Amino acid sequence: MKKVEVVIDSLHLNDVLKIFEEERVSGYTVIRDVEGMGERGLREGDELTGVYKNSYAFTVCEDDKAERIVQRVGRLIKRLGGICVISDVQLFA
Amino acid sequence: MKKVEVVIDSLHLNDVLKIFEEERVSGYTVIRDVEGMGERGLREGDELTGVYKNSYAFTVCEDDKAERIVQRVGRLIKRLGGICVISDVQLFA
Amino acid sequence: MKKVEVVIDSLHLNDVLKIFEEERVSGYTVIRDVEGMGERGLREGDELTGVYKNSYAFTVCEDDKAERIVQRVGRLIKRLGGICVISDVQLFA
Amino acid sequence: MSIDLILSNVLNPPVLFFFAGMLAVFLKSDLEIPQPIAKLFSLYLLISIGLHGGYELSKSGITPYIIKVLGFAMFMAIFVPIYTFFILRLKLDVYNAVAVAATYGSISAVTFLTALSFLQQLKVPSGGYVVAAMTLMESPAIIIGLVLLSIFAKNRENSHTDWKEVLRESFLNTSVYLLLVGLIVGYVTGENGWKGVEPVFGNLFKGFLTFFLLDMGIIAAKRIRELRKVGAFLLVFAIVVPVINAVIAAFLTHTLGIQKGDAFLLTVLSASASYIAVPAAMRLSVPEANPSIYVPMSLALTFPFNISVGIPLYYYLVNMLWG
Amino acid sequence: MSIDLILSNVLNPPVLFFFAGMLAVFLKSDLEIPQPIAKLFSLYLLISIGLHGGYELSKSGITPYIIKVLGFAMFMAIFVPIYTFFILRLKLDVYNAVAVAATYGSISAVTFLTALSFLQQLKVPSGGYVVAAMTLMESPAIIIGLVLLSIFAKNRENSHTDWKEVLRESFLNTSVYLLLVGLIVGYVTGENGWKGVEPVFGNLFKGFLTFFLLDMGIIAAKRIRELRKVGAFLLVFAIVVPVINAVIAAFLTHTLGIQKGDAFLLTVLSASASYIAVPAAMRLSVPEANPSIYVPMSLALTFPFNISVGIPLYYYLVNMLWG
Amino acid sequence: MSIDLILSNVLNPPVLFFFAGMLAVFLKSDLEIPQPIAKLFSLYLLISIGLHGGYELSKSGITPYIIKVLGFAMFMAIFVPIYTFFILRLKLDVYNAVAVAATYGSISAVTFLTALSFLQQLKVPSGGYVVAAMTLMESPAIIIGLVLLSIFAKNRENSHTDWKEVLRESFLNTSVYLLLVGLIVGYVTGENGWKGVEPVFGNLFKGFLTFFLLDMGIIAAKRIRELRKVGAFLLVFAIVVPVINAVIAAFLTHTLGIQKGDAFLLTVLSASASYIAVPAAMRLSVPEANPSIYVPMSLALTFPFNISVGIPLYYYLVNMLWG
Ligand SMILES: Nc1ncnc2c1ncn2[C@@H]1O[C@H](COP(=O)(O)O)[C@@H](O)[C@H]1O
Ligand SMILES: Nc1ncnc2c1ncn2[C@@H]1O[C@H](COP(=O)(O)O)[C@@H](O)[C@H]1O
Ligand SMILES: Nc1ncnc2c1ncn2[C@@H]1O[C@H](COP(=O)(O)O)[C@@H](O)[C@H]1O
Ligand code: NA
Ligand code: NA
Ligand code: NA
């Protein structure tokens with residue numbers, strides 16, 4: 001199994017979750033309002049403007065689904081910023 | 001070393017931590033109140049009922065401990081829902 | 001690529017991020033105020049004293065950078081407590 | 001029932017804000033209230049109710065009449081989960097029947113508050129001891145539920161009901177604990193204590209309730225989509241059983257010679273269902289039951305029904321009986 | 001303009017706390033305010049403004065004069081984003097020009113509040129309907145911006161402006177939604193409703209504004225370093241355009257025979273720029289635009305300018321015209 | 001000391017709620033208060049104290065008497081960490097001795113507040129400048145601690161005390177910064193400023209203190225289990241040293257001719273120990289010291305002792321001396 005991890009602008013989180021759902025993963029987990037630094041500078045998360053918050057999401061899924069997901073999320077991230085990585089895990093339950 | 005990651009109903013987090021402690025891991029880290037989707041539907045986390053919150057916990061430990069932990073956590077999760085994965089990491093400190 | 005994960009006393013998080021920046025990683029992500037248990041006991045996170053909170057940070061970077069980072073963060077952690085692990089990931093965006 | 005009664009209940013900022021919260025979800029507004037805020041308000045309301053009730057008790061003292069009120073409360077808290085359990089078993093397995101019965105056997109503090117604010121608008125007096133009655137009504141349903149479970153689900157896997165744990169969840173959960181603390185502190189510090197904290201726990205009360213109900217509207221609306229899976233039987237149950245409980249309570253309190261304002265509040269309490277203490281306890285002790293049944297029933301159906309139509313309806317009933 | 005005017009504006013706890021928040025960042029104090037708190041206060045302030053405005057409206061009723069005020073508000077909300085867009089195109093690409101124009105075409109509720117508190121200090125009356133005007137001024141700039149975009153960025157990649165989504169973001173974003181809810185609830189519940197919630201949504205107002213501005217000072221100061229990358233043209237824009245908008249608004253309201261207090265508030269609204277609703281909408285609909293341009297301009301430059309120097313300046317102007 | 005004095009202190013909602021919070025942990029209730037709420041209240045209380053003190057100062061002006069009060073405060077803030085350091089060295093290594101000495105050399109704002117509320121109940125007057133004195137007493141102990149460290153731990157590994165950093169932590173940490181901001185804003189905006197914010201920062205004070213102490217009770221109780229590892233010497237230290245400091249302060253203030261109410265508050269301040277500013281500073285600058293020593297001592301022992309028994313005891317002492 002693969003674990004696909006995504007960090008993206010909180011405002012665009014739903015686009016990522018929609019991809020997860022469209023690829024029919026069995027589930028996903030989301031941590032809202034993480035902070036970070038990247039090409040677009042420091043994102044310290046402020047609730048006021050809502051424009052500087054990241055969210056972190058991951059899903060554990062079969063290798064082929066992971067492949068399709070990273071392709072689609074990758075395209076999103078190229079446009080909107082963020083990061084997407086994939087790694088090997090063993091699923092136990 | 002292995003990293004064991006668990007997502008479970010916040011109300012049952014303590015059962016997982018108890019297993020970690022009983023297997024004498026050197027430590028663990030917990031992120032409370034993560035959101036998610038799985039077999040039991042969307043869990044968006046609300047503080048009101050306290051029934052729709054997940055927690056995320058991980059521990060880095062020796063391979064044999066990890067083995068025993070995933071067995072025990074696996075049984076818990078089969079009954080209560082959630083997810084448990086294991087992966088390879090190198091521990092530096 | 002490698003993923004370097006660090007859990008450290010929130011008060012010392014900045015020292016870790018400084019190392020990340022000095023090693024010129026392309027970015028990092030931070031989750032503030034995670035809880036945990038380790039050699040220094042339970043850290044349940046209280047906002048009052050600010051002394052019992054951990055932060056979790058990770059960066060995805062090239063293998064050589066990861067190597068240098070874990071050396072430096074390792075030294076920090078030996079003095080201040082916490083944990084630092086490294087694992088393999090594939091970067092997609 | 002005059003339309004005025006409904007209007008004077010609904011044309012109230014707290015009730016309107018509840019529906020505004022629901023509407024926000026239906027219209028997909030991005031309105032969101034951070035979770036710690038919901039918690040802050042719910043803690044605040046519990047402490048307020050407790051302190052105020054305790055203060056009132058310190059003025060009235062504990063009389064035989066009050067004992068009668070408390071006794072009635074206790075009776076309803078035991079009776080309702082038992083009789084509903086047998087009705088629920090017609091359609092549900094033992095686990096879910098227990099969870100739903102416990103949910104409807106316990107009470108909702110915010111429903112109580114809305115009723116209180118309705119009563120104050122009509123200038124009908126009521127006693128602080130009803131808060132003590134409410135506190136008494138929170139927990140028994142949990143215990144009863146688990147007793148029913150241990151009787152009717154004998155060959156349960158992992159059937160290790162940890163009774164010490166159960167008692168703790170029942171009597172020391174946040175709601176009960178804060179109500180008790182408030183009652184006791186309000187009682188022992190009396191006039192003097194109340195004067196110091198009234199600017200927060202008295203005066204801000206209705207405003208904070210309004211704010212909180214906005215949030216509850218959002219949370220309730222998110223649960224509504226789960227109602228589809230709940231089935232017609234339970235949908236009907238979630239409206240009819242509260243009304244039945246209200247009718248029973250109204251007649252009994254009348255027979256017992258309880259005063260009108262108190263009787264109305266006890267009626268509302270009997271009609272209300274828990275969405276805080278009981279769901280959490282059930283999730284822990286009866287993980288076999290499905291929270292997507294008992295939470296939406298209570299939160300997305302019974303609660304909105306009670307605070308909009310139920311309260312004036314119950315008042316109408318009580319008003320008729322007391323004349 | 002007398003120095004007294006500036007002082008009586010600045011020597012006000014809310015304004016001083018804003019600068020104390022900024023100073024904390026510059027001095028690297030470890031002062032931090034948890035994010036849910038910022039959200040709590042901003043929700044509170046929106047509800048307060050709405051409820052109070054609605055209550056005032058329920059007293060005044062809706063008159064032709066009020067229609068005039070609302071009409072003027074609507075005009076400014078459409079006019080400003082259009083004229084500024086063409087100025088901005090001189091230096092910016094289409095995406096960023098749209099985002100900045102929308103930002104300055106919309107309004108800032110907290111600037112409005114600070115102006116209101118300034119007005120109250122001077123004991124100049126104003127009407128609750130200005131809140132309705134403010135609500136009307138929030139959204140049009142977003143729509144106008146996206147219309148401009150679809151005209152001038154025709155060969156846009158992924159150029160699928162989802163208009164349904166846009167309308168939702170414009171009219172159902174948190175700010176607009178809560179202002180509307182407040183206005184309506186305040187209006188329909190009138191005197192009675194307001195009395196119940198006034199202890200929270202009326203009396204606590206200035207204190208909570210003070211607290212909130214401390215937080216806004218921190219957030220604004222963190223954005224200041226981004227101003228370096230913004231360029232002289234936009235730095236000048238962020239000060240001069242608000243003043244121009246104020247001058248236009250002051251003359252127009254005078255011509256239209258709008259009362260002094262109302263005119264002053266409308267002037268301030270015209271001069272203010274959005275840092276909540278518009279940035280979020282732009283980030284979603286025009287991801288090509290760089291938030292590090294439009295957010296710091298509005299939050300770290302225009303906002304501090306308006307609440308410190310702008311408000312007394314605009315008042316001076318209005319005072320001169322109305323004599 | 002009459003039992004009445006203790007009772008009139010303890011039978012106060014804030015103190016009772018503190019112990020209710022502790023009890024919740026001992027009984028394993030699931031009562032939890034989200035962390036941002038603790039932060040919100042602690043920020044609120046600091047701002048309140050500061051603003052109120054500054055406003056009072058603006059009425060009284062700065063007199064020679066006030067200078068004397070401030071001078072005394074400064075003296076205690078320097079004297080206590082030095083003398084306790086040498087006592088602590090009998091049993092502790094240099095790092096922990098520094099950390100504990102600094103903890104007891106600084107003060108606790110919430111203890112001050114509880115004393116103030118006790119004083120108000122007895123209707124004994126006191127001056128707003130004591131808040132300025134308190135602010136002065138926050139930081140010196142941190143500096144003194146680090147000076148002692150650089151003298152006595154010369155061959156310290158990584159012994160790069162970054163003095164610029166230390167000064168910042170000492171004088172710009174959240175507590176000191178907010179108290180200063182409050183004092184200054186309260187002072188410069190005077191009567192007018194205070195009137196606007198009093199509904200929040202004055203009237204809500206005691207209620208919010210009550211709420212906050214519930215939370216502090218929870219946090220303190222969680223630290224109690226760490227006390228087992230702390231050792232008898234330090235357990236005794238955590239009770240006896242506050243009392244000694246109180247006795248010294250009472251006699252000195254009496255000798256200096258300071259008024260009774262002021263003297264009482266200064267005595268309480270001297271007896272109190274820090275659990276916010278100092279622990280954070282120590283954790284950063286002296287990571288060799290073990291926070292599981294200095295935090296539980298201050299938070300789980302000295303603080304509860306002071307707000308329950310200490311305050312009436314110190315008042316009894318002061319009352320005796322002033323007659
Ligand atoms: N190399 C990286 N490692 C970990 N997180 C990253 C990395 N690059 C970007 N991120 C996260 O993605 C967010 C957006 O990245 P960017 O669009 O590059 O500014 C950042 O704020 C980080 O939270
Ligand atoms: N495949 C998955 N990947 C990531 N998280 C998951 C996955 N399946 C379940 N989870 C998490 O576990 C929680 C409970 O899962 P479930 O019991 O299947 O509803 C979900 O709300 C998710 O947070
Ligand atoms: N083996 C481990 N696995 C996961 N997290 C750990 C581990 N050891 C320590 N930690 C985290 O690091 C923090 C500090 O560790 P320590 O300094 O050992 O007390 C703990 O509170 C945990 O959050
Ligand atoms: Na009930
Ligand atoms: Na504008
Ligand atoms: Na002290």
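**Sodium sites and a charged patch**

Reader: Is E:Tyr104 buried or exposed?
Author: The model here is predicted. E:Tyr104 has a relative accessibility of 1%. Buried means under 20%. So E:Tyr104 counts as buried.

Reader: Which residues are the protein donors of the sodium ion (ligand 5)?
Author: Each donor gives its O atom. The donors lie 2.4 to 2.9 Å from the ion. Along the chain they follow the spacing Y-x1-S-x163-S-x1-S. They are E:Tyr104, E:Ser106, E:Ser270 and E:Ser272.

Reader: What is the relative accessible area of E:Ser106?
Author: E:Ser106 is another donor of ligand 5. E:Ser106 is buried, and its relative accessible area is 1%.

Reader: Which residues coordinate the sodium ion (ligand 6)?
Author: This ion is held through O atoms at 2.4 to 2.9 Å. The donor spacing is Y-x1-S-x163-S-x1-S. The residues are F:Tyr104, F:Ser106, F:Ser270 and F:Ser272.

Reader: How many residues apart in sequence are the parts that F:Tyr104 and F:Ser270 tie together?
Author: F:Tyr104 is in helix α5 (residues 94-105) of chain F, and F:Ser270 is in helix α13 (residues 260-271) of chain F. F:Tyr104 is buried at 1% relative accessibility. F:Ser270 is buried too, at 3%. The pair therefore links parts whose separation in sequence is 166 residues.

Reader: Where is D:Lys229 found?
Author: D:Lys229 helps form a positive surface patch with D:Lys28, D:Arg225, D:Arg228 and E:Lys164. D:Lys229 has 68% relative accessibility, so it counts as exposed. Its place is the loop between α11 (205-227) and α12 (232-255) of chain D.

Conventions
Residues numbered from 1 in each chain as written. Chains lettered and ligands numbered in written order. Predicted model: local features only at pLDDT ≥ 70, side-chain atom pairs only at ≥ 80, totals over all residues. Heavy atoms only, no water. Patch = residues over 30% accessible without salt bridge, like charges linked within 9 Å, V, L, I, M, F, W, Y side chains within 5 Å. Areas by Shrake-Rupley, 256 points an atom, 1.4 Å probe, with all protein chains shown as cover. Salt bridge = Lys/Arg side-chain N within 4 Å of Asp/Glu carboxyl O. Lys, Arg positive; Asp, Glu negative; His and termini not counted. Charge placed at Lys NZ, Arg CZ, Asp CG, Glu CD. Helix = DSSP H or I, 4+ residues; strand = E, 2+ residues; numbered from the N terminus. Buried < 20%, exposed > 50% of the residue type's maximum accessible area, 1.4 Å probe, protein only. Donors = N, O, S within 2.8 Å, 3.2 Å for Na, K, Ca; no water.
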